[in-house]
Amino acid sequence: MNNLCQFKRGFFTLRACNRPASKQCETCGKLSCQYHLSAQSQMRLCVDCAQKQNQGKSTSYYDDDWVYSYRSWYYNTGYHPYRFGNRDYTSFENYDDGSDDWDDDYAGDFYDS
Amino acid sequence: MTALEEKGLTRFEEDFLRSKVVNDRKTADQWLKFFDKIINVESIVADDIARFTGHRTIGLGISAAGFLVIVLGIGLQLAVLLLVGAAAVLIGLIWAAVYHFKKSDISSFRVNSYFVREKILPVIFILREEMADDAPILLNIDLGCFYRRGTLLQHTNFKSDSLSLTDVGVPAGSNTLGFDDGIYKNAWFSGEAGFVDGTELRWDIFDLVKFAEDVIPKRKRYKIKWKSKYKTLVEMEISMPDKIYELPDKAKQKSDEGDYRIKKSGDHYLINIERRFDKTGIYKSDNTYGPFECEDGGKTFEIKNLLDVLGLAYQLARPRKNKK
């Protein structure tokens with residue numbers, strides 16, 4: 001039996017977690033490491049299932065539950081993570097290849113907003 | 001023994017609590033453990049402060065009682081009462097002084113736990129996702145309050161002949177005014193991290209703070225106003241390996257999502273991104289209350305600021321199809 005965590009790890013790029021699994025999620029049955037078990041569910045559910053159950057409720061403390069619910073939220077804002085070997089590219093264009101006049105004098109226009 | 005001593009702080013933790021500054025490399029889990037302990041210190045320190053305040057009050061009470069005994073001794077002309085009263089005053093004052101000192105000392109351990117929770121922890125949690133478990137993160141954090149002690153970027157002032165900007169409220173001739181403005185860089189959070197895909201990240205999150213001191217004539221007196229405006233800036237250098245990612249050898253662009261520049265350097269692409277965020281914080285005071293002397297950095301920073309800048313780099317890159 002493969003005793004590795006079956007969840008994806010990462011934020012900007014996703015990869016297999018592959019940490020040793022410590023438990024099975026009581027809802028979906030996926031093998032999960034301690035990082036992918038939800039502390040809010042007393043480590044009974046995986047972070048995905050716990051998130052579905054707690055939809056609308058926010059966590060009051062930053063922990064692994066927060067990371068994965070925030071990751072889902074962030075992907076909904078339009079970010080598409082690179083999943084190793086599988087990604088859709090649509091916006092790799094429009095580079096200005098002009099002269100090198102990178103300017104960093106941010107002091108002058110502080111009140112520009 | 002204080003509750004804080006029972007907590008068993010290491011020298012490293014104690015140094016951070018006193019100075020509010022830390023520069024070190026640790027794994028993400030070690031940092032999370034460190035800050036978890038730091039956050040818990042706030043309530044322990046509050047308990048100790050309350051306890052020491054109580055002891056100081058008792059000391060002052062004994063001292064006051066001793067004083068009454070002295071008065072009584074003078075009234076009754078009893079030398080014993082005078083001696084007892086004097087001893088009580090002395091003991092009470094020493095007691096109060098000791099606990100006043102202890103209270104002042106432990107107050108220096110106070111750290112803004114809300115700030116650590118809201119601004120520092122989320123960054124570590126998210127970086128951990130991209131990193132190997134044993135890879136270190138370099139953090140340079142300065143949570144000390146900020147008042148005109150960052151890097152001065154720009155300074156302008158005007159002072160009339162009859163007006164002293166340094167001496168608040170000094171009378172001067174009619175229709176005179178002055179100002180003293182400065183823009184400062186308050187660097188409070190920078191660091192380095194290496195990701196599992198070979199990407200190396202260096203970030204610098206800082207506040208751009210504008211202080212303005214204005215002197216305005218008002219009915220033969222002078223009104224001094226102090227104002228500070230601040231906003232968050234994120235600067236990042238991301239080095240992506242060319243055997244995994246493909247980017248143009250040279251490119252640059254200015255946009256709302258951030259100004260970036262890409263340059264090929266050896267077997268890596270170097271991406272420099274700078275973005276300032278529009279959310280502006282303001283603090284005001286005048287000579288009724290006096291100038292503010294201490295201000296927390298990073299008030300306008302949100303975790304999404306960092307993610308948007310780093311996310312831009314990943315959106316610019318695409319994985320190389322034919323691996324080198």
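These notebook entries record what I looked up in a predicted model.

**Confidence in chain A**

I began with the confidence of chain A, which averages a pLDDT of 71, with 65% of the residues scoring at least 70. I then compared its elements: confidence is highest in β4(A), at 91, and lowest in strand β5 (residues 82–83) of chain A, at a mean of 79. Over residues 85–113 of chain A, I found that pLDDT stays under 50. The model nevertheless has 70 contacts beyond four places in sequence for residues 85–113 of chain A. I note that where pLDDT is low, the predicted coordinates should not be read in detail.

**S32(A)**

I next looked up S32(A), which lies in strand β4 (residues 31–32) of chain A. Is S32(A) buried or exposed? I recorded a relative accessible area of 0%, so S32(A) is buried. Its side chain reaches the backbone oxygen of H36(A) at 3.2 Å. Setting aside neighbours within four places in sequence, I listed the contacts of S32(A) as C5(A), F7(A), A21(A), S22(A), K23(A) and L37(A).

**Nonpolar cores**

I then turned to the largest nonpolar core, which has 76 residues. Helix α3 (residues 28–76) of chain B supplies the largest share of this core, 11 residues. Apart from this core lies another, of 10 residues, including C17(A), C25(A), C33(A) and Y35(A).

Which residues have the most contacts inside the largest core? I noted F35(B), I137(B) and W203(B). I followed I137(B) further: beyond four places in sequence, the residues that I137(B) touches include W31(B), I124(B), L127(B), M131(B) and W203(B). Charged residues also appear in the list for I137(B), among them D24(B), R25(B), K26(B) and E192(B).

Technical notes:
Residues numbered from 1 in each chain as written. Chains lettered and ligands numbered in written order. Predicted model: local features only at pLDDT ≥ 70, side-chain atom pairs only at ≥ 80, totals over all residues. Heavy atoms only, no water. Helix = DSSP H or I, 4+ residues; strand = E, 2+ residues; numbered from the N terminus. Buried < 20%, exposed > 50% of the residue type's maximum accessible area, 1.4 Å probe, protein only. Polar contact = N/O pair within 3.5 Å; in protein donor to acceptor, adjacent residues only side chain to side chain. Contact = heavy atoms within 4.5 Å. Core = buried A, V, L, I, M, F, W, Y, C linked by side-chain atoms within 4.5 Å. pLDDT = per-residue confidence, 0-100.
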